[in-house]
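Q: Please take a close look at the charged surface patch of this protein and at the surroundings of one of its residues. I am new to this structure, so a connected account would help.

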Amino acid sequence: MAQLSPRMQELLQPHLTGIEPYDPNFTPTPINLSANENTYPLPGAARDAISAALSVVPFNRYPDPMSNNLRDELARWHGVSRDAICVGNGGDELLYNFMLAFGGEGRTLLTFPPDFSEYAFFASLTGAEVKRVWRDSETFEIDADAAVQAAATSNLVILTSPNNPTGNLADLGLVERICDACPGLVMVDEAYGEFAPADASAVPLLATHDNLVILKTLSKAFGAAGIRCGYVLAPADVIEVFAAVRQIYSVNVLTQAVARAAVGAREAYAPVVEQIKAERTRLADALRAPAAPLADDSAAPALEAPVSVTVWPSEGNFVLVRVLPDASAVRRRLRDEYGILVRDFSYAPGLENCLRITVGTPSENDAVIAALAELTGEGR
Ligand SMILES: *Cc1c(COP(=O)(O)O)cnc(C)c1O
């Protein structure tokens with residue numbers, strides 16, 4: 001792993017000396033199912049609305065700092081008022097700002113790993129301590145009583161629903177209990193919320209819990225990861241803090257225009273989301289099914305037997321699979337021999353030999369299913 005120079009280790013703030021240089025080793029791969037992007041074409045109505053919006057964007061002026069036109073569209077959608085919304089340069093910026101404003105030295109953030117690694121990273125950048133209640137190693141469910149007990153002595157909590165990378169939902173009863181127990185703010189990260197049943201969202205709980213913050217993004221269901229746009233829904237006084245700490249022009253005019261048009265055309269995305277959900281079931285079922293034995297003349301030599309594949313149920317646009325005995329080898333061969341990139345979590349505690357595969361288009365999923373059947377075929 002790359003290391004900072006000794007000079008930089010001297011000069012850095014003491015709590016940052018563990019950071020690693022960014023690894024620019026990015027290999028373009030024909031089928032990229034590694035980042036939970038939406039790989040479907042934009043719906044026609046959305047493309048038209050976005051093109052029209054982009055054609056009249058004034059580049060010469062600074063953007064509206066608060067993205068008010070976009071906020072109004074989001075407010076209409078979620079049935080809240082404009083002052084309950086703050087827009088950011090991706091959900092990541094809002095996660096960082098959450099820790100910047102409410103974390104820091106002497107504060108603790110409670111998380112439920114395995115979850116999104118950025119939470120602990122951003123906490124560490126601000127000097128906050130991370131407290132962890134680990135999910136069950138087989139089901140990835142959260143022990144509710146342990147969670148509530150830990151929340152009572154934490155300044156901040158982040159719960160992810162559906163969780164990345166395990167795919168399961170947070171129980172809304174548990175969200176309420178955690179909000180009641182925690183003296184500070186509780187964020188529910190719903191980056192993948194559009195792929196889950198509508199009644200699984202914590203948004204209605206905003207009306208009854210004044211320490212709840214909900215994170216959303218246009219990077220997943222809206223297929224707009226490249227524009228960098230996310231937002232939080234929260235009580236107005238919390239939004240005032242998000243608004244006060246943010247980089248004033250972080251959401252540029254192009255992003256605001258595209259996001260507003262996309263959210264305005266949200267109905268057009270529903271069939272894509274439904275198709276991704278159907279493909280998620282098809283992909284998971286196919287990966288669970290025992291592969292047919294390899295033909296003798298198959299070009300791809302199978303991995304050393306025995307190979308076993310476990311697939312967890314998912315409410316997101318991805319599936320988590322455990323491939324024994326060596327998931328990293330499978331991931332490498334998928335990339336090098338089949339041109340398919342998936343995400344390797346083998347290194348992550350609690351996710352030994354796990355790969356996360358984004359649900360792609362039908363033909364991308366066919367390619368994954370066929371490749372994995374070949375790679376794992378012989379041992380099953
Ligand atoms: C993708 C993702 C986000 C936000 O991503 P952005 O592209 O920065 O909006 C937030 N949380 C989780 C769990 C995610 O997977």
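**The negative patch and its surroundings**

A: The average pLDDT of the protein is 94, and 94% of the residues score at least 70; pLDDT is the predictor's confidence in each residue, from 0 to 100. This is a predicted model, in which local features need pLDDT of at least 70, side-chain atom pairs count only at pLDDT 80 or more, and totals for chains, interfaces and linings use all residues. Residues are numbered from 1 along each chain as its sequence is written, and side-chain values use heavy atoms, with hydrogens and water left out.

Asp83, Asp210, Asp237 and Glu240 form a negative surface patch. Patches are made of residues with over 30% relative accessible area and no salt bridge (a side-chain nitrogen of Lys or Arg within 4 Å of a carboxyl oxygen of Asp or Glu), with like charges joined within 9 Å and nonpolar side chains (Val, Leu, Ile, Met, Phe, Trp, Tyr) within 5 Å. Lys and Arg count as positive and Asp and Glu as negative, while His and the chain ends are not counted; the place of a charge is taken as NZ of Lys, CZ of Arg, CG of Asp or CD of Glu. Accessible areas come from the Shrake-Rupley method with a 1.4 Å probe, and for residues only the protein chains shown count as cover.

Within this patch, Asp83 lies in the loop between helix H3 (68-78) and strand E2 (85-88); helices (H or I, at least four residues) and strands (E, at least two) are DSSP runs, numbered from the N terminus. Asp83 counts as partly exposed, at 41% relative accessibility, whereas Arg71, in helix H3, is buried with a relative accessible area of 7%. Buried means under 20% relative accessible area, exposed over 50%, and partly exposed in between (1.4 Å probe, protein chains only). Arg71 and Asp83 are 12 residues apart along the chain, and their C-alpha atoms are separated by 8.4 Å.
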